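Hi everyone, thanks for coming. Today I'd like to walk you through one structure, a piece at a time, so please have a look at the screen.

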Amino acid sequence: MKPLTSATHDVNDALDAIEYCFEQGWTDGLPVVPPTERRVREFLDHVGLEPGAVVGTIPERDREVTAEKLAINAVMAGCRKEYMPVVVAACEALCDPAFKFNHLASLGSPWPMMIVSGPIVQRLGMNHGIWVLGPGNRANATIGRTLSLLVANCAEGYVGGLQRGTYGHPGRTSGMCIAENPDDFGWEPHHVEMGFARDVSTVTLLSTYPWIETPHCLLMEPEAILGMISLHIAEAGFYRGVYPILMGRPWAEVFVKAGWTKARMNAWMAEHTRQSVADLKRRGRWGLFVTEYEGYGALPKHVEPGDADRFVHLWKDGDDDKYVFDTGSRERKRGTYFVVAGGDAGQRTCFLCPYMFSTNPVTRPIRDPGPAA
Amino acid sequence: MITLLDPRSGPVVGRVNRARRLPALAGKTAGILWNGRSYGGDLLDRIAALLKARHGVELVLSLKKAYIGNVAPPAYFDEFVAKKVDLALVGLGD
């Protein structure tokens with residue numbers, strides 16, 4: 001392997017190293033694992049990458065993410081070297097032009113959620129069950145944290161740099177990397193839905209706002225469950241894009257046993273998720289994206305007769321879309337990603353609203369070399 | 001003693017695709033595309049004034065997007081071409 005090229009800093013011991021990283025502003029406010037050459041080389045060896053290999057570019061920041069910098073940040077985040085294949089694929093997704101990296105600095109405080117799907121979930125012991133969105137599992141937490149440190153250290157994505165979110169995102173540090181339940185019970189796994197073979201593992205990045213829970217009470221029929229989710233989604237944000245919807249295995253089994261495919265679930269959601277023009281006006285959404293140059297003119301903002309019976313669908317094209325969704329949103333990916341994740345009890349599912357503009361979800365295959373030596 | 005590796009990386013000028021740069025500013029024309037965010041217009045106007053004072057760059061076009069979330073319409077780009085604008089001043093965010 002070629003030599004590493006990062007600048008080096010000498011400190012007395014491990015505790016001094018942790019403090020030094022704080023002093024340099026290299027952390028997210030929590031301690032990091034000191035990035036030593038031996039550990040970084042082990043990470044690079046595991047994925048067979050030279051230090052200078054470019055994993056992705058961020059033209060907006062004039063940056064290249066090299067394997068060396070990615071490995072350093074993965075070490076600091078607390079990863080094991082076995083996690084590196086996921087980290088590499090996630091970085092590739094982050095730098096994919098379709099993801100549109102620059103929006104992460106937005107006032108809206110979006111942050112990418114990562115969905116890991118496929119055989120690697122079991123091998124890395126990733127959490128797909130209870131507390132799936134919270135901390136507690138090393139793989140979930142540190143893979144997610146790596147992207148946070150990477151964006152801060154290699155793309156100025158920190159407060160005081162380019163990070164401009166009004167409120168920030170509580171999931172940024174560790175809570176936004178989840179795994180899909182790999183059990184084979186007739187459900188089409190997320191990575192297969194994305195067009196990959198069953199024995200391939202993938203990571204999907206979606207830029208989202210924090211999650212919203214949807215209690216179903218005792219609704220256990222397909223239309224009833226979807227209906228409740230649809231109502232909650234329609235009232236939250238109403239941003240045209242892709243919504244990840246997480247449900248524990250018992251709810252997924254309802255659809256499997258009833259013979260519903262994901263395509264049918266998505267079609268049902270597209271048909272039923274809508275807002276009336278009256279409600280859109282009351283929420284200040286009607287005309288929000290109307291612009292002078294598009295020639296739509298002044299729109300009445302008050303509710304008029306007939307508005308309660310006139311609807312705009314979230315994912316289905318309609319004549320009034322231009323009054324509710326901006327140009328970029330009307331052209332980007334849209335729909336739902338149903339993912340089996342979360343606990344088996346509680347009569348609830350959850351979903352995440354996509355960031356309101358520009359970004360698209362990106363799925364990349366994970367090149368897994370297998371168990372570490 | 002522990003030796004740490006620096007996790008940061010900086011710009012890699014010239015290795016990532018960027019808009020073509022002008023070899024010199026003297027005698028060139030400029031256009032502004034303001035995204036509409038607060039005070040962005042003031043900032044871009046100030047930059048244009050400095051470009052004129054220091055390099056003789058003439059501001060020939062100033063456009064404002066009505067909403068930041070929308071892509072600039074093709075008509076805007078047509079105007080930049082019609083006015084033979086050499087350099088565009090744009091900004092992101094606030």
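Let's begin with chain B, and read along its sequence: the pattern is β-β-α-β-α-β. That makes two helices and four strands. Before we go on, please keep in mind that this is a predicted model.

How much of chain B is buried? Of its 94 residues, 34% count as buried. On the outside, chain B exposes about 6,000 Å², and carbon and sulfur atoms supply 57% of that area. Now think about contacts in chain B between residues with a separation of 6 or more: 77% of these come from residues 24 or more positions apart.

Here is one residue to find on your screen, Lys65(B). Look in the loop between β3 (58-64) and α2 (74-82) of chain B. Is Lys65(B) buried or exposed? Its relative accessible area is 12%, and buried means under 20%, so Lys65(B) counts as buried. You can also compare Lys65(B) with Gly41(B): they are 24 residues apart in sequence, and their C-alpha atoms are 11 Å apart in space.

Now over to chain A, starting with two of its helices. Helix α2 (residues 37-47) and helix α3 (residues 67-77) of chain A have axes that come within 9 Å and cross at roughly 115°. Their crossing is right-handed. On the α2(A) side, the contact is made by Arg39(A), Val40(A), Phe43(A) and Leu44(A). The α3(A) side brings several residues, including Ala67(A), Ala71(A) and Val75(A). A handy thing to remember here is that an α-helix has 3.6 residues a turn, so residues three or four places apart point the same way.

Next, helix α4 of chain A, residues 84-95. Let's check its length together: at 1.5 Å a residue, its 12 residues should span 16 Å, and the end C-alpha atoms are indeed 16 Å apart, so the two agree. As for cover, 12 of the 12 residues of α4(A) are buried, among them Met84(A), Glu92(A) and Cys95(A).

My last stop is Thr204(A), in strand β6 (residues 202-215) of chain A. Thr204(A) has a relative accessible area of 0%, so this residue is buried. Which residues does Thr204(A) touch, leaving aside those up to four places away in sequence? Among them are Met113(A), Ile115(A), Tyr337(A) and Pro361(A). His190(A) is another one, and there the two side chains make a polar contact at 2.8 Å.

That's my tour, thank you for listening!

Note on methods
Residues are numbered from 1 along each chain as its sequence is written. Chains are lettered from A and ligands numbered from 1 in the order in which they are written. This is a predicted model: local features need pLDDT of at least 70, side-chain atom pairs count only at pLDDT 80 or more; totals for chains, interfaces and linings use all residues. Side-chain values use heavy atoms; hydrogens and water are left out. Buried means under 20% relative accessible area, exposed over 50%, partly exposed in between (1.4 Å probe, protein chains only). The expected span of a helix is 1.5 Å times one less than its number of residues. Contact means heavy atoms within 4.5 Å. Accessible areas come from the Shrake-Rupley method with a 1.4 Å probe; for residues, only the protein chains shown count as cover. A polar contact is a pair of N or O atoms within 3.5 Å; within protein, one must be able to donate a hydrogen and the other to accept it, and residues adjacent in sequence count only if both atoms are side-chain atoms. Axes are lines fitted to C-alpha atoms, for helices over the stretch in contact, and angles run from 0 to 180 degrees between N-to-C directions. A crossing is left-handed if the near helix is turned anticlockwise from the far one by less than a right angle, and right-handed if clockwise.
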